[in-house]
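Ready to practise reading a protein model? Work through each exercise yourself, then check the steps below it.

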Amino acid sequence: MRSLYIIAFCFLLIQPAMSQKQTQIIAHRGAWKEYALPENSIASLQKAIELKCYGSEFDVRRTKDGVLVVNHDPVYYGDTIELQNYADLNKNKLSNGENLPTLESYFSTGTRDNPPTLLICEIKEAVTGAAISQKTTMETLALAEKLGISKKIIYISFGFEIVKTIKRLQPNAIVLYLENNKTINEIINEKINGINFHFSNFISDPQITAAAKQNNLLIGSWTVNQVEDLNKLIAQGVEFITTNMPAQFSDLVSKK
């Protein structure tokens, strides 16, 4: 009987911590907007780390000569990244004078001195076809393993084949799917860890969050920039909020 009292007491101790789980803030393409920095730059990553964001999101593409680079759009200064060599692309610098960041430099900067901020790595679907998407995925995973930083990364993608490949090659990787075009069962069957949908999906259909919770999926949302939307998502229990306003949102969340 005494052991039952001990178990009950322990449950009472942990229950408040479980119910007070704080929503985590992820800087979208780094903490750029609030600090007038280029998106996806090393500087925006460093600022997100300085802010102690839960994560800093960035986008990965592959050049013609096989260099993995960090850039959101498929085009850089008018040139399609996949059709150009890195040296030619890098003749044009970011607005703060930085080189077009390579993924290796991004990985190295983001994990130097082991900061608490995670790397939220979005692997983009290639515009030149699925074969390049797969190459980009496999080479990204290989680079993370080579650098010994796989545990510091959460992978995300709009490409369902990409997220499936990540889970096949690295079953222990944390992977979230970005597109609301699959059922919860399809997500679970591929052993994807969770969903990370546009905020409007959750606001228009709260059952998405409920179904994800019932199946122990991680729940994230992008790109949330209005406080009203942030509050709605927190009320639903969305765990990860990706935003262009990480400093403001981190302050708001810390006060809740």
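Keep in mind that this model is predicted.

**Exercise 1.** Work out how helix 10 passes helix 11: which handedness does the crossing have?

*Solution.*
Step 1: Start with the handedness: helix 10 passes helix 11 in a right-handed crossing.
Step 2: Look up who touches whom. Helix 10 brings Val227, Leu230 and Ile234 to the contact, and helix 11 brings Gln248, Phe249, Leu252 and Val253.
Step 3: Sort these residues by class, and you get six nonpolar, one polar and no charged.
Step 4: Now the geometry. The axes of helix 10 (residues 227–236) and helix 11 (residues 246–254) come within 12 Å, crossing at roughly 45°.
Step 5: Put a word to that angle: helix 10 and helix 11 are therefore oblique to each other.

**Exercise 2.** Do the same for helix 2 and helix 4: at roughly what angle do their axes cross?

*Solution.*
Step 1: Find the two helices, residues 42–50 for helix 2 and residues 103–111 for helix 4. Their axes cross at roughly 20° and come within 10 Å.
Step 2: Angles under 35 degrees count as roughly parallel, and helix 2 and helix 4 are therefore roughly parallel to each other.
Step 3: Check the handedness too: helix 2 passes helix 4 in a right-handed crossing.
Step 4: List the contact. On helix 2 you'll find Ile42, Ser44, Leu45, Gln46 and Ile49, and on helix 4 there are Ser105, Tyr106, Thr109 and Gly110.
Step 5: Count by class: four of these residues are nonpolar, five are polar and none is charged.

**Exercise 3.** Track down the largest nonpolar core: which residues have the most contacts inside it?

*Solution.*
Step 1: Recall a general habit: in soluble globular proteins, nonpolar side chains tend to be buried together.
Step 2: Here, the largest nonpolar core has 46 residues, and Phe58, Phe107 and Tyr155 have the most contacts inside it.
Step 3: Ask which element gives the most to this core; that's helix 6, with four residues.
Step 4: Zoom in on Phe58. Leaving out residues up to four places away in sequence, Phe58 touches several residues, among them Val70, Leu103, Phe107 and Leu119.

**Exercise 4.** Take a closer look at helix 6: which of its residues are buried?

*Solution.*
Step 1: Go along helix 6 (residues 160–169) and pick out the buried ones: Phe160, Ile162, Val163, Thr165, Ile166 and Lys167.
Step 2: See what they pack against. Their partners include helix 5 (130–147), helix 7 (184–189) and strand 7 (153–157).

Note on methods
Residues numbered from 1 in each chain as written. Predicted model: local features only at pLDDT ≥ 70, side-chain atom pairs only at ≥ 80, totals over all residues. Heavy atoms only, no water. Axes fitted to C-alpha atoms, helices over the stretch in contact; angles between N-to-C directions. Parallel < 35°, antiparallel > 145°, perpendicular 65-115°, else oblique. Left-handed = near helix turned anticlockwise from the far one by under 90°. Contact = heavy atoms within 4.5 Å. Nonpolar A, V, L, I, M, F, W, Y, C, P; charged D, E, K, R; others polar. Buried < 20%, exposed > 50% of the residue type's maximum accessible area, 1.4 Å probe, protein only. Core = buried A, V, L, I, M, F, W, Y, C linked by side-chain atoms within 4.5 Å.
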